[in-house]
Amino acid sequence: MMKVALNICTLVPLLFATAAEAQVPGVNWEQQKVEILRHYRALVQIDTSNPPGNETKAVEYLKKIFDAEGIPAQTFALDASRANLVARIKGNGRKRPILLMAHTDVVGVQREKWPVDPFGAVLKDGYIWGRGTADDKDKLVANLMVMLLAKRSGALLDRDLIFFAEPGEEGDTGPGIEFMVNQHFNEIDAEFALTEGGRATLENGRVAVVSVSTTEKVPRRVRLVVNGTSGHASIPRIDNALVHLSAAVAKLGAWQTPMRLNETTRAYFEGLAAMGPPEKTARYKGLASPERAAAIQQYLAEYEPQHYSMLRTSVVPTILKAGFRMNVIPSEAEATIDVRALPDEDVPRFYEEMRRVIGDPAVRIEPLTAGVRPVAPPSRLDTEMYRALEQVSKRLYPGSTTLPTMLTGATDMAFLRAKGIQSYGIGPASTDEDNIKYGAHSDVERLPESSVYGFVEFTSNVVTEIAGPR
Ligand SMILES: [Zn+2]
C-alpha cells in the first residue's frame with residue numbers, strides 16, 4: 001500500500017480496494033493539491049520555448065526535487081542547454097519497468113494574443129493559463145508526483161518506475177528522444193510507457209470518454225518537382241512547369257485514398273458506435289458496409305475530418321513554390337505534399353499510386369527525409385497496462401468509455417514503439433471546446449485547475465494498478 005508521509009490515509013476510506021484488485025494508493029488527494037499546484041506553476045513559469053528550448057532550466061528544477069527526496073536522478077545531454085533527465089525508483093524486479101515520459105519544451109508564443117502573461121501560470125476563472133499547461137507540463141507534473149508519492153510510501157513495487165523528461169519534442173528530436181534511444185536506451189528501457197497523446201473528454205462536468213492513443217500515423221512527406229522551359233510569358237509553352245504542377249496538386253487534393261481499419265481504429269469506431277446517439281451509431285457502424293461506406297466517408301470528410309483522416313493514408317498539399325516575375329515562365333515549380341501514412345502502409349507502393357493518380361511523367365515525386373520517424377506496430381490492447389487504463393477510467397469516471405485511438409499527428413512514442421515498448425498516450429480532462437480553443441499549440445493555452453489534480457490521481461492509480469504492491 002502506498003501512503004503519504006503524513007499517514008493521513010488512515011482517515012480516508014479506501015474507496016475501491018477489494019481483495020481481488022490492486023489496492024488504490026492510500027493518498028489523500030485533497031492534501032496533495034498544494035504541492036501539485038506549486039510544481040505545476042513553477043514548471044509553466046520556466047520559459048522553455050523551442051526554439052531555443054533551454055530545457056536544462058526545467059531539468060535543474062526537477063533534479064533538485066529528486067535529490068532532496070533521495071530519488072536517484074541523472075542528466076544526459078548532447079547539448080548542455082538541452083539536457084534529458086532520468087530518475088528511477090527501483091522495484092523488486094518481478095516485472096519490467098514503467099516509463100513515465102514527458103517533454104520539457106513548449107512551442108513559442110505570440111504575446112499579443114494572450115490576455116495574461118504566457119509564462120505567469122496565472123490562476124483565473126478556475127483555469128491555469130500559460131504555455132505548456134496542456135502540452136506538456138501537465139504530464140510532467142503528474143509523472144513527478146507519481147514518483148514522489150511512490151518514494152514517500154516506502155513501498156517496494158513490482159516494477160521500476162522510470163521518470164524521463166525529454167527536450168526537443170516540438171520539432172527537433174535530436175537532443176532528446178533520439179539521443180536517449182540511440183545512446184542511452186538502457187536508462188529508459190521499459191515494458192510500458194505512459195506519455196502525452198490522449199485525453200479525457202468532459203461533457204456536462206463529467207468525463208464521458210477516456211482516449212488512450214495506441215498508435216499514430218507516420219509522416220512520409222514528398223516534394224513534387226516539375227522542370228520546364230523558361231521563357232518570355234508572352235509565348236505559351238506546353239511544358240510550363242507551373243501548369244503541370246498545379247494539375248498534379250489538384251488531382252492529389254481531390255484523391256480519396258482507400259479506407260482501411262486496423263485493430264485500434266476498429267475498436268475506436270465500434271466504441272463510438274456503442275455510445276450513440278442513434279445517428280452516430282448508424283454512421284460508425286455503416287463504415288463496415290460496402291454500400292453505405294462511400295456516403296459516410298463523404299460526410300466525415302466534410303464534418304469530421306479527423307475521423308476521415310484516421311481511416312486512410314492522407315495526402316495534403318501544404319507548400320507551393322513557383323515563379324518570381326509576372327512576365328517570366330519559371331523553369332521549375334515545386335510543391336510539398338504532407339503524406340501521413342497508416343502504420344501498415346506499403347509506402348513505395350503508395351508513391352506508385354500517387355504517380356498513377358497524377359498521370360503526368362513530367363511530375364517527379366521526391367520523398368523528403370526531414371521529420372521521418374520509425375514505423376512500429378500499434379501498441380496492443382490486450383496488455384496489463386491497457387487493461388489498467390480501462391479499469392482506472394471506469395473507477396474514477398463512472399459511466400465513461402475508454403477508447404483506443406490512432407493519432408493523426410506524430411509523437412515521440414514512435415521511437416519507443418520501434419524499440420518494443422508498449423506505449424500509451426494519455427491526458428487530462430477538458431471539454432471539446434476548451435481542447436480546440438485553448439489546447440496544445442493554441443494561441444492561448446490553459447487547463448482547468450481541477451483537471452490537473454484529476455490527472456495526477458489518474459496516472460498514480462494506473463501505475464499502482466500494475467506495479468502494486470498487492
Ligand atoms: Zn506535446
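Here is a walk through this structure, from its overall build to its zinc site, its hollows and a few odd spots in the backbone.

Keep in mind from the start that this is a predicted model. Let's begin with the big picture. The protein's secondary structure adds up to 15 helices and 22 strands. If you follow the C-alpha trace along its principal axes, you cover about 85 × 55 × 45 Å. How does its radius of gyration sit with that of a compact globule? For 470 residues, a compact globule would come out near 23 Å, and the protein has 24 Å, so the two agree. As for what is tucked away inside, buried residues account for 56% of the 470 residues.

Now for the metal. Which residues hold the zinc ion? Its donors are NE2 of H103, an OD atom of D135 and two OE entries from E196, at 1.8 to 2.8 Å. Don't expect a neat geometry here: the angles among the four donor atoms run from 51 to 150°, and the site is irregular. To count as tetrahedral, all angles would have to lie between 85 and 135 degrees, so a spread like this one doesn't qualify. Along the chain, the donor residues follow the spacing H-x31-D-x60-E. H103 sits in strand β4 (residues 98-103), while E196 is in the loop between β9 (192-195) and β10 (199-203), so this pair ties together parts that are 93 residues apart in sequence. Both H103 and E196 are buried.

Next, look for the largest pocket, which holds about 1,600 Å³ of space. It is lined by 50 residues, and the ones closest to its centre are G197, R199, Q306, L407 and N435. Which element gives the largest share of that lining? That would be helix α14 (residues 432-438), with five residues. By class, the lining is a mix: 19 nonpolar, 17 polar and 14 charged residues.

There are closed-off spaces too. The count comes to three cavities of 30 Å³ or more. The largest cavity has a volume of about 80 Å³. Around it are 13 lining residues, with E216, V218, P374, A376 and A414 nearest its centre. The elements giving two or more residues to this lining are β11 (206-216), β12 (218-219) and α13 (413-418). Of these contributors, α13 gives the most, with three residues. The lining of the largest cavity has eight nonpolar, one polar and four charged residues.

The second largest cavity comes in at about 40 Å³. Its lining is made up of M101, K139, A142, N143, L194, T195, I426, F455 and T459. At least two lining residues come from each of α3 (137-153), β9 and α15 (449-467), and α3 gives the most, with three residues. You may remember β9 from the zinc site, where E196 lies in the loop between β9 and β10. In this second cavity the lining divides into five nonpolar residues, three polar and one charged.

While you're inside the protein, stop at V106, which is found in strand β5 (residues 106-107). Is V106 buried or exposed? Its relative accessible area is 0%, so V106 is buried. V106 and I319 are 213 residues apart in sequence, and their C-alpha atoms are 25 Å apart in space.

Finally, some backbone details to look up. Where do you find cis peptide bonds? One runs from N50 to P51, with omega near 0°, and P51 has its place in the loop between β1 (49-50) and α2 (56-69). Another runs from G276 to P277, again with omega near 0°. P277 is in the loop between α7 (263-275) and α8 (278-286).

Two residues that are not glycine have a positive phi: D125, near 55°, and H441, at about 70°. D125 is in the loop between β6 (122-124) and β7 (127-129), and its relative accessible area of 61% makes it exposed. H441 is in the loop between α14 and β22 (446-448), right after the helix named above for its share of the largest pocket's lining. With 44% relative accessibility, H441 counts as partly exposed.

Methods:
Residues numbered from 1 in each chain as written. Predicted model: local features only at pLDDT ≥ 70, side-chain atom pairs only at ≥ 80, totals over all residues. Heavy atoms only, no water. Donors = N, O, S within 2.8 Å, 3.2 Å for Na, K, Ca; no water. Tetrahedral: all angles 85-135°; square planar, octahedral: opposite > 155°, others 65-115°. Helix = DSSP H or I, 4+ residues; strand = E, 2+ residues; numbered from the N terminus. Buried < 20%, exposed > 50% of the residue type's maximum accessible area, 1.4 Å probe, protein only. 1 Å grid on protein atoms, 1.4 Å probe; cavity = no way out; pocket = protein on both sides within 12 Å on 5 of 7 lines; lining within 4 Å. Points joined across faces, edges and corners; volume = space filled by probe spheres on them. Nonpolar A, V, L, I, M, F, W, Y, C, P; charged D, E, K, R; others polar. Rg over C-alpha atoms; globule rule 2.2 N^0.38 Å.
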